[in-house]
Amino acid sequence: MERQGPLSHPVAVHSSYSLWWDTYFAVIAVVVGATITVLDATPVRRVVALVALAAMAGLHAAVGRRLSRRVGDGIISIVVLFVHIALFAVAIVALPAAAWLLFAVIPLIFRMAPTGVAIAAVLLVNAVPVVADVVTGHGDVRMDLVIAAVSAASGIWLGLWIIKVIEQSTGRAHLIAELEASRAEVARLSHEAGVTAERTRLAGEIHDTLAQGFTSIITLIQAADPGLRDERLALAVRTARENLAESRAIVAALAPSALASGLLDAVRRQAARFTEETGVPAGFRVTGEPRELPTAVEVVLLRATQEALANVRRHARAREAAVLLAYSPAAVRVVIRDDGCGFAPASTGGFGLPGMRSRAEQVGGVLTVRSDPDTGTTIELEVPAPPPATTEVRA
């Protein structure tokens, strides 16, 4: 059972706890009913006490069990609870031995009422036997006062302790559920990252071996016979070109689908999608001369853009964002800036920034993070990407 404060309403109790409490209530009711049955009392008093007890049991079975498990229904729960207390008072007036019902009534109070109301109700039900002594003229008022004081104090302590135990148990259950969900998400992300990394590795291997090898074959043959007058050499060049085209097709197929139209378009689409989903304007700008990059480098730059924009969406509360893709002769940079609330880069948890740094290191890149509450956050990833050496390959 969770509580938001000393006067808050109880929330739903786990079904296993409800079963135990319902069983406990039933056992107390049966024991007290059996005791009333065998007591030496007039039939009328015995019947009145048993009817009041049966009414309490029936009310709990019909309404009380459901109300004690649900959030809300606060007023209805309190009304039903005070009907229980009224029936308890009737049983006490008829037979003082019915006071043993306090063992069932006090836990019921804490299950059906806010903490403040529950404490007042515990004091009230413990005063009932004393008032009954005064009204009927039977019993020892002083002794019943002492018993009521001890019972009220122990009942309140026990109720608050039970609430604390249930809150802790419920909190642990929620934490376990969150951990299981997080573990499943981490496993999914790890699997996706592994698949992407392997596809990227294969694409890079094919590009750096087969594709480059076919290019070299074509270059060497054309150098030996520029006019390709030898039919066998011309056939070798055609075959090498066909296989070069096949290898490039395989590299393109292994690259992430978002990069199908190139890094520039992929980053531009990420900025546009961010604006569509959040309503926060995200400008996109390109500097330098765009060029084709190795697949591994493009993947790292794209993933960094996606992760940075996701962090802006989730945490920054920004009014504006901007994405810059800058090409220079020796490197390529992607810069994501926002004017949000900022954060302390050294104290962030999660996998976002560590994952970005890890991917950047795999391609020799450097990730820089600057953030403060006044200027927002800037994430910059620079990856070395010198232009490929130009080799003339004749068609």
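In this predicted model, Asp225 and Arg229 form a salt bridge, and their closest N and O atoms lie 3.9 Å apart. The two partners differ in how much of their surface is accessible. Asp225 has a relative accessible area of 7% and is buried, because buried means under 20%. Arg229, at 71% relative accessibility, counts as exposed, because the exposed class begins over 50%. The bridge between Asp225 and Arg229 therefore joins a buried residue to an exposed one.

This pair belongs to a wider set, since a search of the whole structure finds eight salt bridges. Another of them is formed by the side chains of Arg314 and Glu307, with an N to O distance of 3.7 Å. Arg314 counts as exposed, with a relative accessibility of 52%.

A further salt bridge brings together the side chains of Arg370 and Glu380, again described from N to O, at 3.7 Å. This pair links distant parts of the chain, ten residues apart: Arg370 lies in strand 4 (residues 366-372) and Glu380 in strand 5 (residues 376-384). Arg370 is partly exposed, its relative accessible area being 44%, while Glu380 is buried at 16%. Arg370 and Glu380 are also part of a network of salt bridges, in which they are linked with Arg333.

From charged pairs the description now turns to nonpolar residues. In soluble globular proteins, nonpolar side chains tend to be buried together. The largest nonpolar core of this model has 39 residues, and the members that touch the most others are Phe88, Leu101, Val105, Ile109, Val122 and Val125. Six helices each give two or more residues to this core: helix 1 (15-38), helix 2 (43-67), helix 3 (74-94), helix 4 (102-112), helix 5 (115-136) and helix 6 (141-224). Helix 4 supplies the largest share, with eight residues.

Val105 offers a view from inside this core. Which residues is Val105 in contact with, leaving aside its neighbours within four places in sequence? They are Met56, Phe88 and Val125. Of these contacts, Phe88 and Val125 are, like Val105 itself, among the residues that touch the most other members of the core.

The model also contains a second core, separate from the one just described, with 36 residues. Among its members are Leu264, Phe274, Val323 and Val332.

Note on methods: Residues numbered from 1 in each chain as written. Predicted model: local features only at pLDDT ≥ 70, side-chain atom pairs only at ≥ 80, totals over all residues. Heavy atoms only, no water. Core = buried A, V, L, I, M, F, W, Y, C linked by side-chain atoms within 4.5 Å. Buried < 20%, exposed > 50% of the residue type's maximum accessible area, 1.4 Å probe, protein only. Helix = DSSP H or I, 4+ residues; strand = E, 2+ residues; numbered from the N terminus. Contact = heavy atoms within 4.5 Å. Salt bridge = Lys/Arg side-chain N within 4 Å of Asp/Glu carboxyl O.
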